[in-house]
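Work through the exercises below with the structure open. Try each task before reading its solution.

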Amino acid sequence: MTSLNINEKIGIKICFLRKKLKYSQEKLGEFAGLSKNSISSIERGESNASIETLDRIAKALNIELKELVDVSNINL
């Protein structure tokens, strides 16, 4: 079993938090000023999102950036 990289872990966390708020990828994208495709790519761990982009997503999810990037408890 391969371990997840940081982009994949952050993507999983974004997806979890987005679904917890009952946001679609499109709605999260609107709140963060990003496209649905960008959100999808980040959630799949395929995009190396900048700190600025992650901060915009964190704000759209109503959390601090440091909470978003703390993926120490994500192990699949």
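Helices here are DSSP runs (H or I) of at least four residues, numbered from the N terminus. By that numbering, Lys13 is in helix 1. The model is a predicted one.

**Exercise 1. A buried charge**

Task: Find which side chain of opposite charge is nearest to Lys13, and decide whether the pair is a salt bridge or not.

Solution.
Step 1. Locate the residue: Lys13 belongs to helix 1.
Step 2. Find the partner: Asp70 has the nearest side chain of opposite charge, 5.3 Å away.
Step 3. Apply the cut-off. A salt bridge needs a side-chain nitrogen of Lys or Arg within 4 Å of a carboxyl oxygen of Asp or Glu. Lys13 is buried yet has no salt bridge.
Step 4. List the surroundings. Not counting residues up to four places away in sequence, Lys13 touches Glu67, Leu68, Asp70, Val71 and Ile74.

**Exercise 2. From the end of the chain back to helix 1**

Task: Ile74 is one of the residues touched by Lys13. State where Ile74 lies, and which residues are in contact with Ile74 when neighbours within four places in sequence are left aside.

Solution.
Step 1. Ile74 is found in the segment after helix 5 (65–69).
Step 2. Its relative accessibility is 13%. Buried means under 20%, so Ile74 counts as buried.
Step 3. With neighbours within four places left aside, the contacts of Ile74 are Lys9, Ile12 and Lys13.
Step 4. Compare sequence and space for one of these. Ile74 and Ile12 are 62 residues apart along the chain, and their C-alpha atoms are separated by 8.3 Å.

**Exercise 3. Salt bridges**

Task: Say how many salt bridges the rule gives. Then describe three of them, starting with the one between Arg18 and Glu43.

Solution.
Step 1. Recall the principle: side chains of opposite charge can pair when their charged atoms come close.
Step 2. Count with the 4 Å rule used above. The count comes to four salt bridges.
Step 3. Take Arg18 and Glu43, whose side chains meet at 2.5 Å, N to O. Arg18 lies in helix 1 (residues 6–20) and Glu43 in helix 3 (residues 36–43), so this pair ties together parts that are 25 residues apart in sequence. Both Arg18 and Glu43 are buried.
Step 4. Take Glu30 and Lys27, with their closest N and O atoms 3.6 Å apart. Both residues lie in helix 2 (residues 25–32), three residues apart, which is about one turn of the helix. Lys27 has 34% relative accessibility and counts as partly exposed.
Step 5. Take Asp55 and Lys59, which form a salt bridge at 3.2 Å, N to O. Both are in helix 4 (residues 51–60), four residues apart, again about one turn of the helix. Asp55 is partly exposed at 24% relative accessible area, whereas Lys59 is exposed at 56%.

**Exercise 4. Two helices that meet**

Task: Describe how helix 2 and helix 3 are placed: at what angle do their axes cross, and which residues meet?

Solution.
Step 1. Choose the quantities. Two packed helices are described by the angle between their axes and the distance between the axes.
Step 2. Read the values: the axes of helix 2 and helix 3 come within 8 Å and cross at roughly 105°.
Step 3. Name the arrangement. Angles of 65 to 115 degrees count as roughly perpendicular, and helix 2 and helix 3 are therefore roughly perpendicular to each other.
Step 4. List the residues. Helix 2 brings Gln25, Glu26, Leu28 and Gly29; helix 3 brings Lys36, Ile39, Ser40 and Glu43.
Step 5. Sort them by class: the contact has two nonpolar, three polar and three charged residues.

**Exercise 5. What covers helix 3**

Task: Say which residues of helix 3 are buried and what covers them.

Solution.
Step 1. The buried residues in helix 3 are Ile39, Ser40, Ser41, Ile42 and Glu43.
Step 2. Their cover includes helix 1, helix 2 and helix 4.
Step 3. Check one case. Ser41 has 17% relative accessibility and counts as buried. Not counting residues up to four places away in sequence, Ser41 touches Glu46 and Ser47.
Step 4. Look just past the helix: Gly45, just after helix 3, takes a positive phi of about 75°.

Notes. Residues are numbered from 1 along each chain as its sequence is written. This is a predicted model: local features need pLDDT of at least 70, side-chain atom pairs count only at pLDDT 80 or more; totals for chains, interfaces and linings use all residues. Side-chain values use heavy atoms; hydrogens and water are left out. Helices (H or I, at least four residues) and strands (E, at least two) are DSSP runs, numbered from the N terminus. Buried means under 20% relative accessible area, exposed over 50%, partly exposed in between (1.4 Å probe, protein chains only). Axes are lines fitted to C-alpha atoms, for helices over the stretch in contact, and angles run from 0 to 180 degrees between N-to-C directions. Angles under 35 degrees count as roughly parallel, over 145 as roughly antiparallel, 65 to 115 as roughly perpendicular and the rest as oblique. Contact means heavy atoms within 4.5 Å. Ala, Val, Leu, Ile, Met, Phe, Trp, Tyr, Cys and Pro count as nonpolar, Asp, Glu, Lys and Arg as charged, and the others, Gly among them, as polar. Lys and Arg count as positive and Asp and Glu as negative; His and the chain ends are not counted.
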